[in-house]
Each structure stands twice: as C-alpha cells, then as structure tokens.
Amino acid sequence: MAMLWPSGSKEGISLANPYSAAPGVTFDTGTIQSVVTENCMQGAAQQGPTQQGQTQQNPGQGSDCTFAFTEPDKGGSPVKVVINPDVAKSHGVKAGDQIRYLNLSNAQGAPSSQGAPAYIFVDFVRTLPIVLLALLYAVVVIAVARWRGLRALIGLVGAYFVLASFMLPGLVEGKPPLLLALVGSTVIMIGVLYFAHGFSARTSTALLGTIFGLGITALLAAWATDAANLAGVGNHDATTLVNTSSNISITGVILCGLIISGLGVLNDVTITQSSAVWELYELAPASSARKLFTSAMRIGRDHIASTVYTIAFAYAGAALPILIIVMLYDRPLGETLTSAELSEEVIRTLVGSIGLVLAIPVTTLIAVLVVKATGVRPAAPAVGITETPVPGPGTTDGGRQLADDVDDTGSLAAAALEGRTRRASDGMDRAEGDNGAPTTRRGRRAADRG
C-alpha cells in the first residue's frame, strides 16, 4: 500500500466543474412557496437580466413552462425559478420543496435582457432526509448489534477513507488497477473484520477466506474484462473520464469496480461461515473434522443460494433504468444481455458470485482445521445466576458451568443440553431411593410391569 500510495497531484487533468460559475453568478437555495405554469416567453420576461453570452434555448411562443416562486434562504423577496422540463415532467415540484437554483440576476456585464430566465433550477436540497436516514440507520444498528454494531460503523468510515484517499486517486494517476484493487480491498477487510469482530482465530479464518475469494474474483475479473472487451462504451461517465486525463484507463476502472463491488457480500459469507463452524463445534466437540465440515457446508449451501439472489437483484435494481430502455428496444434476450449497456452488469454478477461461492468451502475447511487445533474457549463464571451443570475442563463449582454466562449460542445450547441430561439423571436417582427401590407411584407401576 505504501508503494502504491498516490501523490495526489492533479496535473494534466482537465475537467469542467459543472458547479463553477462566472463572476456574479451564484448558487442559491430556497423554499418553494407556489408553482405556476405560464407561457415560457412571458414568464422569462418578468425575471430581469441574464448572463451575457449564456447559451439559451428559447421555447416557442406557444410553449408553457413551470415556474416556482421561491423564497431565498438568505432572505429577500421571492424569486421566480424556471423548472427544467424533465424534472417538471418526471417528478415535479411542489410548495415546501427545498431547491438549489442558479442566480444570474447579478452577473457582471449582464445586459437587461428580457428573453431568458434569471433564476434556473439546478437540484433539490436533500440534506435533511439523508441525515435522518443515516441517523436512523446508526441507531438501529447500534440498538441491535450494540458495541459490535458501533465498531462496524466506525470501520465503514475507515473503509471509505481507504477508497477515497488511496484507490480513487490511484486510478486517476494510472496505478495498476488489479494490484490497486487487491491491496485496497485487503486493507479494508483487515481493518473492518478485526475492528468489528475482534482479534480471534474465528475472525482470522474469515479473513483468510475473504482474501482467497478476492484472489479468485480478481483473476476472473481480469480475464473477463479483456475477453469481453469491456471498454465503457455507451456510458456517459466513462466518456467524461476518457476526456479528463490520458492516465485514466476505463478498462482499469471497470476491473477495479468488479473487485470492489463484491467485497461486502464476500465478507458476509466468510464471517458467517466461520461462525457457523465454531457454533457447530461447541454443540458437538467430539464430532470428527469430516462431519463438522459436512454440517457446516449444509449451512453454506443455503447461504450460497440466498447470496446469489442478493447480488443479482442488487445489480438489477441499480441498472433498472437501463433495463427498461433495453426492454423497449425489443431486442433478442441473448443480444440484450451481451450488449454494451448490460454486459458489465452481467459480468459483475457472475464474477462476484463465483468468487463468493468458492470462498465458502475454503473458509469452511480452514475453520474446521483451526477449530480442531485450538478448541473452544470456556465461558467465565458469574455470581448470582442460575447454574446448569456442564462437566468438562474449565468449568467451575465442581464441574458446573453457568448457563446464562456463556458467550454465544453454541455454549448456551450445550449448557442447556447437559443440564437437561443431568436433571433427568438426578430425577431417576431420587425415584429409586437409597436401596434402589422405586419410591414414586409411577416408579412402582413400572417396577410391577417389569
């Protein structure tokens, strides 16, 4: 990572910032008070001057435009903002919406033109709903997962730091995309896994399985990117990057994206599979390695099926507008799936799925070998809690372990099972009495039948 760390230089990059403005032109925000539909020429004529030399598309005399009377957040009289036709048609605007608009009224050298609008809609202000959703997400995660959930959220912030400060600048500077993606993804997984799940053999097992899956995904992504000639054709953002700098390789960006896109799901299956092996071993410590692997793989197969659906539907949802457009073309299915518009999404789904499917048996095998070599850490005793007898090493109070003080479900289930067994045995002993004769009515009837 140190060898690949980008310098941060943006020399040779030419990218027009869509949010830059000429002298006197500002981006303002405000709240819509009312919305009207008027003749475009008449509505624009009431707004005052516009910027000199600005490209305008004056609609015909009979065309209607949507205008929003907006109260500026910085104060002042309401202004008349013209709404883009696509926004007015697809989503629309209403009173109470917060918007960001371009203010051309104070542009330097602007003539007193009466043919163009002085206030133009740019975007909606989405700060409040996004912040509320983020807070709700954090509260739910912390409430359910507690400290581990909080650590996972902090680890997610660290992961985005690696992505924004290492991987993205490295792609801009032309670093090797395959190596960049592998190193960055491995660093992210080391930080996220250990920070969220703690330093343990179980976490290390999941990390080894994740790195194996990353390697398989990277090899398949490198081959598929070249074999399928993924060049970002037809993607507006890819075209913008091509014209930005000669160091940026669109094929490299796609390759790096194929690896990063499956990172979260891959981590999910490996940590879950590792935990499953540990839980199964704690329930049956005497099980052979072969039986433990077979039992864990039954869980893994269910996980494989559900995860494959998760990846496919996630990518389908992200590419839904493209899917609709391609569907309207009424092209054959095979030609559609291999087209420039959908081939990248299809390959991303296949490559990510193969990597995670192969990672499950490898993670399971490593987990079985490790858990057999390290055993299970016994639970610590506590005071004032109902005890359940669990004979074995590491127990307290004469071979009795506390059922409510176990660290996980496996130990709890084992404690409960041993407790039921011992209580049943004690009941039989009490029924027989000191001389072996049954002392209860049920015991005497059983003895008579015998």
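Are F121 and F124 buried or exposed? F121 is buried, and F124 is too; buried stands for under 20% relative accessible area, exposed for over 50%, and partly exposed for the range in between (1.4 Å probe, protein chains only).

The model is predicted: local features need pLDDT of at least 70 and side-chain atom pairs count only at pLDDT 80 or more, while totals for chains, interfaces and linings use all residues. Residues are numbered from 1 along each chain as its sequence is written, and side-chain values use heavy atoms, with hydrogens and water left out.

**View 1. The whole chain.** The chain has 14 helices and seven strands, taken as DSSP runs numbered from the N terminus (helices: H or I, at least four residues; strands: E, at least two). Buried residues make up 34% of its 450 residues. Of the contacts (heavy atoms within 4.5 Å) between residues at least 6 apart in sequence, 70% join residues at least 24 apart. About 25700 Å² is exposed by the chain, 61% of it supplied by carbon and sulfur atoms; accessible areas come from the Shrake-Rupley method with a 1.4 Å probe, and for residues only the protein chains shown count as cover.

**View 2. The largest nonpolar core.** A nonpolar core is a set of buried Ala, Val, Leu, Ile, Met, Phe, Trp, Tyr and Cys residues joined through side-chain atoms within 4.5 Å. This one has 41 residues, of which F166, M167, I188, A221, I259, L266 and I347 touch the most other members. Elements giving two or more residues to this core include α3 (127-172), α5 (201-227) and α12 (343-374). The largest share, eight residues, comes from α4. Leaving aside residues up to four places away in sequence, F166 touches M1, L4, W5, P6, F161, L180, V183 and G184. Another core, of 13 residues, lies apart from it, with I32, V79, V87 and V93 among its members.

**View 3. Strand β5 and an aromatic pair.** V122 lies in strand β5 (residues 119-124) and is partly exposed, at 28% relative accessibility. The C-alpha atoms of V122 and F27 are 8.5 Å apart in space, although these residues are 95 apart in sequence. Four aromatic pairs are found in the whole structure. The ring centres of F121 and F124 are 5.2 Å apart and the planes are at 70°, so this pair is edge-to-face (rings of Phe, Tyr and Trp, its six-membered ring, pair if their centres lie within 6.5 Å; planes under 30 degrees apart are stacked, over 60 edge-to-face, the rest tilted).
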